[in-house]
Amino acid sequence: MRLVFMGPPGVGKGTYASALSRRCGIPHISTGDMIREEIRRGTELGRRLREYVERGLLVPDELVTEMLRRRLQQEDCQRGFILDGYPRTLRQAEELDRMTRVDLALYFTAPDEVIIDRVSGRRVCRSCGAIYHVRYMPPRVPGVCDRCGGPLYQREDDRPEVVKRRLEVFREQFAPVLDYYRGKGILVEIDASEQAEVVVPRVFSTLESRGFKC
Ligand code: AMP
């Protein structure tokens, strides 16, 4: 099962991908998480990445593609993977095809108001990356991760002015990627305007109806 999860920032890709990853035992690979980890470690590469991420801009293709290439070579990706946040440009989609085969590309959609509401309430665990929402998916203890006890924080780029920019960037860059997967006949659209409890089962049933079982 080699899957690509696509959609605007804040549509819930990470939440759906991590639910599917737990169910099927294949890795959830988020290029955003990989980039944030590099920034957190304060490496030379991390310093370069930060310049883009904090302004809501895309990181140059070659930087993110090289990080992903190394990740996909690891043993745990042999049975499949869920890519979240890559590809974001046509060039990345073409690069990905040179690295591996993609079975299905799921495109999640929701109106802008829903997205902005979700992003503004999103909180992320600093230790394990688990995702919460202050109203829709609150942790048992405010500010503390249910899974590992780590501290929750709001991403710098989840501030409203940066989210608006990220949505614009998404719209400008993304149409060719959709066309690319549509042309290959592997694009599936999923309505993600409802809560995760509704959307996650929808993801499972969509995959099952296409013959993907785990
Ligand atoms: P995300 O967590 O997927 O919303 O990504 C957060 C930020 O990381 C984005 O706004 C970009 O700056 C950067 N990023 C993540 N994935 C990619 C990618 N495939 N190409 C370029 N930039 C990326």
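I will go through the overall fold, the ligand site, a pocket, a small cavity and one unusual peptide bond in this structure.

Please keep in mind throughout that this is a predicted model, and that the values I give are computed from its atoms.

Let me begin with the chain as a whole, whose secondary structure comes to 8 helices and 8 strands. Its C-alpha atoms fill a box of roughly 40 × 40 × 35 Å when the box is taken along the principal axes. For a chain of 214 residues, a compact globule would be expected to have a radius of gyration near 17 Å, and because the chain has 16 Å, the two values agree.

Now to the ligand, which is surrounded by 16 residues, the closest being Thr31, Leu57, Gly85, Arg88 and Gln92. Sorted by class, this shell holds 7 nonpolar, 4 polar and 5 charged residues. Its largest share, 4 residues, is supplied by helix H2, which covers residues 31-40.

What lies 2.8 Å from a nitrogen atom of the ligand? A polar side-chain atom of Thr31 does. Val59 contributes through its backbone instead, with an N or O atom placed 3.1 Å from a nitrogen atom of the ligand. On the oxygen side of the chemistry, a polar side-chain atom of Arg166 lies 3.0 Å from an oxygen atom of the ligand. As for burial, the ligand taken alone exposes 480 Å², and the protein buries 96% of that area.

Helix H2 comes up again when we turn to the second largest pocket, which has a volume of about 640 Å³. This pocket is lined by 24 residues, and those nearest its centre are Asp33, Arg36, Glu37, Arg40 and Tyr153. Strand E2 (28-30), H2, helix H3 (44-53) and strand E5 (122-125) are the elements that give two or more residues to the lining, and H2 provides the largest share, with 6 residues. In terms of class, the lining of this second largest pocket divides into 8 nonpolar, 5 polar and 11 charged residues.

Next, the enclosed space: a search of the whole structure finds 1 cavity of 30 Å³ or more, and about 50 Å³ of space lies in it. Which residues line the largest cavity? They are Met1, Leu20, Arg23, Cys24, Phe204, Leu207, Glu208, Phe212, Lys213 and Cys214. Two helices, H1 (13-24) and H8 (196-209), each supply at least two residues of that lining. By class, the cavity lining has 7 nonpolar and 3 charged residues, with no polar ones.

I will finish with a point of backbone geometry that may matter to anyone checking the coordinates by eye. Where in the chain is there a cis peptide bond? It joins Tyr86 and Pro87, with omega at about 5°. Pro87 itself sits in the loop between strand E3 (81-84) and helix H5 (90-99), and the residues closest to the ligand include Gly85 and Arg88.

Terms used. Residues numbered from 1 in each chain as written. Predicted model: local features only at pLDDT ≥ 70, side-chain atom pairs only at ≥ 80, totals over all residues. Heavy atoms only, no water. 1 Å grid on protein atoms, 1.4 Å probe; cavity = no way out; pocket = protein on both sides within 12 Å on 5 of 7 lines; lining within 4 Å. Points joined across faces, edges and corners; volume = space filled by probe spheres on them. Nonpolar A, V, L, I, M, F, W, Y, C, P; charged D, E, K, R; others polar. Near = heavy atom within 4 Å. Polar contact = N/O pair within 3.5 Å; in protein donor to acceptor, adjacent residues only side chain to side chain. Areas by Shrake-Rupley, 256 points an atom, 1.4 Å probe, with all protein chains shown as cover. Rg over C-alpha atoms; globule rule 2.2 N^0.38 Å.
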